[in-house]
Amino acid sequence: MPIRSRFIRIFDNYPLEPFQMADLPSLVKLEKQAFPVDYWVKEDFLEELAMDPDCLRVIRDNGRVIGYVHSEIRRVRGSNSRIQRIGEIGSIAVDKNYRGKRLGEKLFTFGVKRLKELKASRIIINTRLDNHPMKTLAENKFGFEVSRVIKNLYEDGAGAYEMVLA
């Protein structure tokens with residue numbers, strides 16, 4: 001089987017699906033594995049879902065969440081006093097045992113597409129300064145550019161790149 005066909009088959013074996021409440025325990029476990037510092041707990045996810053029930057998409061394997069993307073629209077008053085719809089990809093995580101299958105790219109693609117469909121005037125992400133894979137993915141695959149560095153964004157004092165879709 002050609003390499004491309006083999007890749008497509010692996011990629012298609014993990015469809016993106018809407019979040020279901022039964023996913024919450026495995027989602028919380030994945031979050032803690034992926035983000036040892038500043039991870040979201042059950043209440044954080046519930047709060048986000050209360051504001052936007054469609055903000056999460058997941059990838060499952062045998063009923064367990066192995067990847068997810070969180071995307072949201074925030075309404076912000078701009079300098080001209082008009083309300084702007086700012087799209088944010090708040091989080092993307094893939095189980096460490098499933099990395100290298102381009103699932104993060106699939107999740108990112110969905111997040112950007114969803115925010116464009118929701119008519120975001122800008123799309124941003126914040127990524128830790130030491131998260132080189134996410135920064136590279138955002139820049140090289142999606143055209144995001146660093147707009148600024150935010151110091152001490154995370155609980156451990158780490159900074160982040162704020163990146164904006166160019």
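Asn152 is exposed in this predicted model, with a relative accessible area of 56%, and because exposure is counted from over 50% the residue falls in that class. Asn152 belongs to the loop that joins β6 (144-150) to β7 (160-165), and its backbone carries a phi near 55°, a positive value in a residue other than glycine.

A positive phi recurs at two further places, both of them beside helix α4. Arg102, likewise not a glycine, has a positive phi of about 65° and sits in the loop between β4 (83-94) and α4. With a relative accessibility of 38%, Arg102 counts as partly exposed. On the other side of the helix, Lys119 follows α4 and has a positive phi near 65°.

The table sets out the accessibility of four residues discussed in this report.

| Residue | Relative accessibility | Class |
|---|---|---|
| Asn152 | 56% | exposed |
| Arg102 | 38% | partly exposed |
| Val69 | 1% | buried |
| Leu115 | 0% | buried |

Helix α4 itself covers residues 103-117, and its 15 residues should span 21 Å at 1.5 Å a residue, which agrees with the 21 Å between its end C-alpha atoms. The buried residues of α4 are Leu103, Gly104, Glu105, Lys106, Leu107, Phe108, Gly111, Val112, Arg114 and Leu115, a list in which the charged residues Glu105, Lys106 and Arg114 appear beside Leu107 and Phe108. As background to such a list, an α-helix has 3.6 residues a turn, so residues three or four places apart point the same way.

Leu115, found in helix α4, has a relative accessibility of 0% and therefore counts as buried. Setting aside residues up to four places away in sequence, Leu115 touches Ser71, Glu72, Ile73, Gly87, Glu88, Ile89, Ala120 and Ile123. Leu115 and Ile86 are separated by 29 residues in sequence, while their C-alpha atoms are 8.7 Å apart in space.

Val69 lies in strand β3 (residues 64-77) and is buried at 1% relative accessibility. Its contacts, again not counting residues up to four places away in sequence, are Cys55, Leu56, Arg57, Ile89, Ser91, Ile92, Leu107, Phe110 and Gly111. Ile89 thus appears among the contacts of Val69 and also among those of Leu115, and Leu107 and Gly111, which Val69 touches, are among the buried residues of α4. By contrast, the C-alpha atoms of Val69 and Arg148, which are 79 residues apart along the chain, are separated by 23 Å.

These local details belong to a protein chain with five helices and seven strands, whose elements run α-β-α-α-β-β-β-α-β-α-β-β from the N terminus on. The radius of gyration is 16 Å, close to the 15 Å that the globule rule gives for 166 residues, so the protein chain is as compact as a globular protein of that length. Along the principal axes, the C-alpha atoms fill a box of roughly 55 × 35 × 35 Å.

Of the 166 residues, 42% count as buried, and the protein chain exposes about 9,800 Å², of which carbon and sulfur atoms supply 50%. Among contacts between residues at least 6 apart in sequence, 59% join residues at least 24 apart. As for charge, the protein chain has 29 positive and 23 negative side chains, and the centres of these two sets lie 5 Å apart.

How values were computed
Residues numbered from 1 in each chain as written. Predicted model: local features only at pLDDT ≥ 70, side-chain atom pairs only at ≥ 80, totals over all residues. Heavy atoms only, no water. Helix = DSSP H or I, 4+ residues; strand = E, 2+ residues; numbered from the N terminus. Rg over C-alpha atoms; globule rule 2.2 N^0.38 Å. Buried < 20%, exposed > 50% of the residue type's maximum accessible area, 1.4 Å probe, protein only. Contact = heavy atoms within 4.5 Å. Areas by Shrake-Rupley, 256 points an atom, 1.4 Å probe, with all protein chains shown as cover. Lys, Arg positive; Asp, Glu negative; His and termini not counted. Charge placed at Lys NZ, Arg CZ, Asp CG, Glu CD. Expected span 1.5 Å × (residues − 1).
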